Amino acid sequence: MTLSDLTAVSPIDGRYHSKTKELTDYFSEFALIKYRVEVEIRYFIALYELPLPQLSDILPEDIASLKNIISNFSLENAQRIKDIESITNHDVKAVEYFIKEEFDKTGLSRYKEFIHFGLTSQDINNTAVPLSVKEAFNDVYYPLLSEVINVLADDGEKWKDIPMLAKTHGQPASPTKLGKELMVFVYRLERQVEHFNQIPFTAKFGGATGNFNAHKVSFPEINWTGFGNKFVSESLGLKREQYTTQISNYDELGAFMDNLKRINTILIDLCRDIWTYISMDYFKQKIKKGEIGSSAMPHKVNPIDFENAEGNLGIANAILDHLTLKLPISRLQRDLTDSTVLRNIGVPFGHTLIAFKSLLKGLGKLLLNEAALRADLDKNWAVVAEAIQTILRSIGYPNPYEALKDLTRTNSVINEQSIHTFIDSLEIEPELKIKMKAITPFNYTGI
């Protein structure tokens with residue numbers, strides 16, 4: 001069978017491909033190969049610009065032709081590399097051999113031994129992968145997360161004056177505002193976005209065991225550490241890790257993925273809250289003609305977008321958790337476990353994109369049912385007891401908490417009348433009674 005939405009094993013490339021296809025430019029096999037080619041060629045150009053004397057007679061037009069290999073890289077080029085890999089059984093060496101073939105085509109054959117000069121595979125992988133993560137974050141992930149935050153902020157503003165019964169431990173509590181409860185999530189997400197500014201995208205670049213051994217023995221007069229720092233920073237836009245083994249330390253990448261996990265966890269919390277509000281009838285959902293909520297119950301309009309988002313955020317976090325815990329651990333100077341695990345780095349991004357888009361769809365379908373919110377408030381006049389007993393405390397009235405507890409902590413109905421009867425029984429100034437009677441579940445909402 002040919003690969004299609006119907007034959008793909010992963011739902012990312014199958015059922016949900018329409019929601020994740022933009023990630024193919026960053027995390028597909030083609031993308032990984034392309035990023036490797038880019039790093040190899042930019043490294044060669046950096047050696048030329050050092051300048052390395054052996055490359056001094058290369059012409060500017062030759063450099064332009066090398067840059068064209070990056071900009072014009074095609075599926076056919078990637079397939080050629082895969083064909084070479086079928087012989088070498090080594091993916092990065094296949095990239096080197098492909099570039100050497102391209103050198104032969106452009107008349108640069110005599111320089112081709114400076115392709116991958118002094119490097120090991122992880123100098124390429126541990127620059128290509130963080131580069132792909134950085135660009136996927138900037139181009140795809142962050143714009144979509146910003147859209148989620150903006151929609152929540154807009155809803156928070158739209159519903160900022162809607163009073164709502166709060167629930168702590170699932171029981172009625174001091175009223176709040178619907179908009180404020182959404183702004184809690186906006187605030188939490190924005191704080192995590194700020195943390196991204198503190199986490200650099202780092203790369204390993206230093207030869208077989210991180211010490212520039214081959215570079216130093218070949219050209220001892222060159223400051224290879226300075227070269228590596230400049231190349232990684234200026235040519236790739238990353239930050240070079242100063243002390244490494246053969247592979248990246250992955251500590252900053254782990255911190256980055258931990259931050260992704262926290263954002264996903266916040267959104268899981270949001271999904272569950274909105275799901276609950278829908279179940280409480282605080283929200284209706286827009287109905288799309290032709291859609292079916294249940295195969296057996298025709299009336300159902302299920303909160304499937306929030307359920308889908310919650311499920312995919314959970315899967316993303318499970319994978320991110322494994323990556324965070326596994327990648328920084330490697331036997332001695334290197335084992336191969338990071339390589340196969342790292343190939344899955346696009347998977348949590350995929351599930352996260354599915355979740356973001358489902359969440360946006362769900363938020364766009366919400367219809368406020370203000371009558372349900374008001375009915376809940378009207379049934380729970382006991383929540384103003386906190387206000388009354390606190391005012392009584394402020395004037396030194398004896399045992400106000402206990403008095404309100406005796407009134408409200410019963411199984412009898414507490415309504416406006418019973419609250420006002422209690423207030424009338426208090427031996428306090430009439431003006432204070434008027435102030436207390438003005439407090440309702442609809443206006444006792446704080447700041």
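## Largest pocket

Strand 2 (171-177), helix 16 (385-394) and helix 17 (400-408) each contribute at least two residues to the lining of the largest pocket. The model described here is predicted. The volume of this largest pocket is about 630 Å³. Its lining comprises 20 residues, and those closest to the centre are Pro 172, Ala 382, Ala 385, Thr 408 and Arg 409.

Sorted by class, the lining of the largest pocket holds nine nonpolar, seven polar and four charged residues.

## Second largest pocket

The second largest pocket has a volume of about 370 Å³. Lining it are 15 residues, with Asp 13, Thr 24, Phe 27, Ser 28 and Glu 29 nearest the centre. Two or more lining residues come from each of helix 1 (17-20), helix 2 (24-27) and helix 14. Helix 14 provides the largest share of this lining, three residues.

The class breakdown for the second largest pocket is four nonpolar, seven polar and four charged residues. Glu 29, one of the residues nearest the centre of this pocket, also belongs to a network of salt bridges, described below.

## Cavities

How many cavities of 30 Å³ or more does a search of the whole structure find? The search finds two. The largest cavity has a volume of about 110 Å³. Of its 13 lining residues, Pro 130, Thr 202, Ser 248, Tyr 250 and Leu 253 are the closest to its centre. Helix 7 and helix 11 are the elements that give two or more residues to this lining. By class, the lining of the largest cavity divides into eight nonpolar, three polar and two charged residues.

The second largest cavity has a volume of about 30 Å³. Its lining consists of Tyr 141, Leu 260, Leu 320, Pro 348, Phe 349 and Thr 352. Helix 14 gives the most to this lining, with three residues. Five of the lining residues are nonpolar and one is polar, while no charged residue is present.

## Helix 12

Helix 12 covers residues 304-326, 23 residues in all. At 1.5 Å a residue the helix should span 33 Å, and because its end C-alpha atoms are 33 Å apart, the expected and modelled spans agree.

Which residues of helix 12 are buried? They are Asp 305, Phe 306, Asn 308, Ala 309, Asn 312, Leu 313, Ala 316, Asn 317, Leu 320, Leu 323, Thr 324 and Lys 326. The buried residues pack against helix 11 (251-279), helix 13 (337-342), helix 14 (346-364) and strand 6 (366-368). Leu 320, one of the buried residues of helix 12, is also among the residues that line the second largest cavity.

## Salt bridges

The count of salt bridges comes to 29. Side chains of opposite charge can pair when their charged atoms come close. In one such pair, Arg 42 and Glu 38 form a salt bridge in which the closest N and O atoms are 3.0 Å apart. Arg 42 and Glu 38 are four residues apart in helix 3 (residues 29-49), so about one helical turn separates them. The two partners differ in exposure class: Arg 42 is partly exposed, at a relative accessible area of 28%, whereas Glu 38 is buried, at 13%.

Another salt bridge joins Lys 158 and Asp 155, with an N to O distance of 3.4 Å. Both residues are in helix 7 (residues 121-158), and because they are three residues apart, the separation is about one helical turn. Are the partners buried or exposed? Lys 158 is exposed, with a relative accessible area of 56%, and Asp 155 is buried, with a relative accessible area of 8%. In a further salt bridge, the side chains of Asp 281 and Lys 284 meet at 2.9 Å, N to O. Asp 281 is partly exposed at 30% relative accessibility, and Lys 284 is partly exposed at 42%.

## Salt-bridge network

Salt bridges also link several residues into a network. Its members are Glu 29, Arg 36, Lys 82, Glu 85, Asp 91 and Arg 343.

Methods:
Residues are numbered from 1 along each chain as its sequence is written. This is a predicted model: local features need pLDDT of at least 70, side-chain atom pairs count only at pLDDT 80 or more; totals for chains, interfaces and linings use all residues. Side-chain values use heavy atoms; hydrogens and water are left out. A salt bridge is a side-chain nitrogen of Lys or Arg within 4 Å of a carboxyl oxygen of Asp or Glu. Buried means under 20% relative accessible area, exposed over 50%, partly exposed in between (1.4 Å probe, protein chains only). The expected span of a helix is 1.5 Å times one less than its number of residues. Contact means heavy atoms within 4.5 Å. On a 1 Å grid over the protein atoms alone, a cavity is a set of points where a 1.4 Å probe fits but cannot get out, and a pocket is an open set with protein on both sides within 12 Å along at least five of seven lines; lining residues have an atom within 4 Å of a point. Grid points are joined across faces, edges and corners, and a volume is the space filled by probe spheres set on the points. Ala, Val, Leu, Ile, Met, Phe, Trp, Tyr, Cys and Pro count as nonpolar, Asp, Glu, Lys and Arg as charged, and the others, Gly among them, as polar.
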